[in-house]
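Trainee: Hey, have you got a few minutes to go through a structure with me? I'd like to take it slowly.

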Amino acid sequence: GKLINKNKIWHGQDPDIDFIAYFKNGSVYFQSAWEDSFSHNSIELLSKSGRLAYENSGRSIYWQNIEEDKEFIGYKLLSNKKEIIPNSMKNYQFQVMTMLSKAIKEQTNTLCTGEDALKTIKNLNIIEKNIQND
């Protein structure tokens with residue numbers, strides 16, 4: 001991972017930072033918001049074929065395809081049409097338990113491996129230690 005910006009640390013222990021986490025198939029940019037003013041939990045997954053948006057803490061999830069720009073030949077834009085993706089965010093804790101149950105039963109699930117999770121946590125700990133040493 002790489003620290004981009006150290007904003008503030010809540011109560012001396014909860015860092016409010018911007019950073020990049022590197023993974024095998026891509027990078028994830030984490031940008032903090034002003035949690036003391038309002039919650040803004042969103043994720044954008046960008047690919048060559050479009051954008052998957054997770055907004056309002058998962059209450060709204062949608063896909064946008066890529067389309068040709070009608071004004072500038074050769075350029076492409078995200079479509080204004082949003083394909084709404086139904087989800088069960090209201091039941092997210094139940095979904096996690098369902099996946100854990102499947103993993104225990106060695107059934108197909110969408111959880112990452114414990115090894116991958118541990119690698120991610122170790123990298124986040126390195127970023128956090130670098131903040132505290134500044």
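Mentor: Sure, let's start with the whole chain and then move to some strands and loops. One thing up front: this is a predicted model.

Trainee: Okay! How many helices and strands does the chain have?

Mentor: The secondary structure comes to two helices and eight strands. Along the sequence, the pattern reads β-β-β-β-β-β-β-β-α-α.

Trainee: And is the chain a compact globule or more spread out?

Mentor: More spread out, because its radius of gyration is 18 Å, well over the 14 Å that the globule rule gives for 134 residues. Taken along the principal axes, the C-alpha atoms fill a box of roughly 50 × 45 × 30 Å.

Trainee: What share of the residues is buried?

Mentor: Buried residues make up 15% of the 134 in the chain. The chain exposes about 11300 Å², and carbon and sulfur atoms supply 54% of that area.

Trainee: What about contacts between residues 24 or more positions apart?

Mentor: If you take the contacts with a separation of 6 or more, such pairs account for 22% of them.

Trainee: Switching to charges: how far apart are the mean positions of the positive and negative ones?

Mentor: They're 5 Å apart, with 17 positive and 17 negative charges in the chain.

Trainee: Now the strands. In what sense do E4 and E5 pair?

Mentor: Antiparallel, over five bridges. Strand E4 covers residues 43–47 and strand E5 covers residues 50–55.

Trainee: How many residues are in the hairpin that joins E4 to E5?

Mentor: The hairpin goes through two residues. On the strands themselves, Ser47 stands opposite Gly50 in E5, and Leu45 stands opposite Leu52 in E5.

Trainee: Where do the side chains of a regular strand go?

Mentor: In a regular strand they alternate between the two faces of the sheet.

Trainee: Good to know. How many bridges join E5 to E6?

Mentor: Six, and these two strands run antiparallel, with E6 covering residues 60–68. To pick out one pair, Arg51 has Gln64 in E6 as its bridge partner.

Trainee: And the hairpin of E5 and E6, how many residues sit between the strands?

Mentor: Four residues. Asn56 is found in that loop between E5 and E6, and its phi is near 50°, a positive value in a residue other than glycine.

Trainee: What's the phi of Ser57?

Mentor: Near 60°, which is also positive in a residue other than glycine. Ser57 is found in the loop between E5 and E6 too.

Trainee: Is Ser57 buried or exposed?

Mentor: Ser57 counts as buried, because its relative accessibility is 19% and the cut-off for buried is under 20%. Leaving aside neighbours within four places in sequence, Ser57 is in contact with Asn41 and Met89.

Trainee: Which residues does Gly58 contact, if I leave aside neighbours within four places in sequence?

Mentor: Gly58 is in contact with Asn87 and Met89. So Met89 is a contact of Gly58 as well as of Ser57. Gly58 has its place in the loop between E5 and E6, and at 0% relative accessibility Gly58 counts as buried.

Trainee: How far apart are Gly58 and Asn87 in the chain and in space?

Mentor: They're 29 residues apart along the chain, and their C-alpha atoms are separated by 8.1 Å.

Trainee: Last one. Where is Ser37, in which loop?

Mentor: Ser37 is found in the loop between strand E3 (26–30) and E4.

Trainee: Is Ser37 buried or exposed?

Mentor: Exposed, with a relative accessible area of 57%; the cut-off for exposed is over 50%.

Trainee: How far is Ser37 from Ser60?

Mentor: From C-alpha to C-alpha they are 21 Å apart in space, with their places 23 residues apart in sequence counted as separation.

Trainee: Great, thanks!

Definitions and conventions: Residues are numbered from 1 along each chain as its sequence is written. This is a predicted model: local features need pLDDT of at least 70, side-chain atom pairs count only at pLDDT 80 or more; totals for chains, interfaces and linings use all residues. Side-chain values use heavy atoms; hydrogens and water are left out. Two strands pair if DSSP finds at least two bridges between them. The radius of gyration is taken over C-alpha atoms; the globule rule is 2.2 Å times the number of residues to the power 0.38. Buried means under 20% relative accessible area, exposed over 50%, partly exposed in between (1.4 Å probe, protein chains only). Contact means heavy atoms within 4.5 Å. Accessible areas come from the Shrake-Rupley method with a 1.4 Å probe; for residues, only the protein chains shown count as cover. Lys and Arg count as positive and Asp and Glu as negative; His and the chain ends are not counted. The place of a charge is taken as NZ of Lys, CZ of Arg, CG of Asp or CD of Glu.
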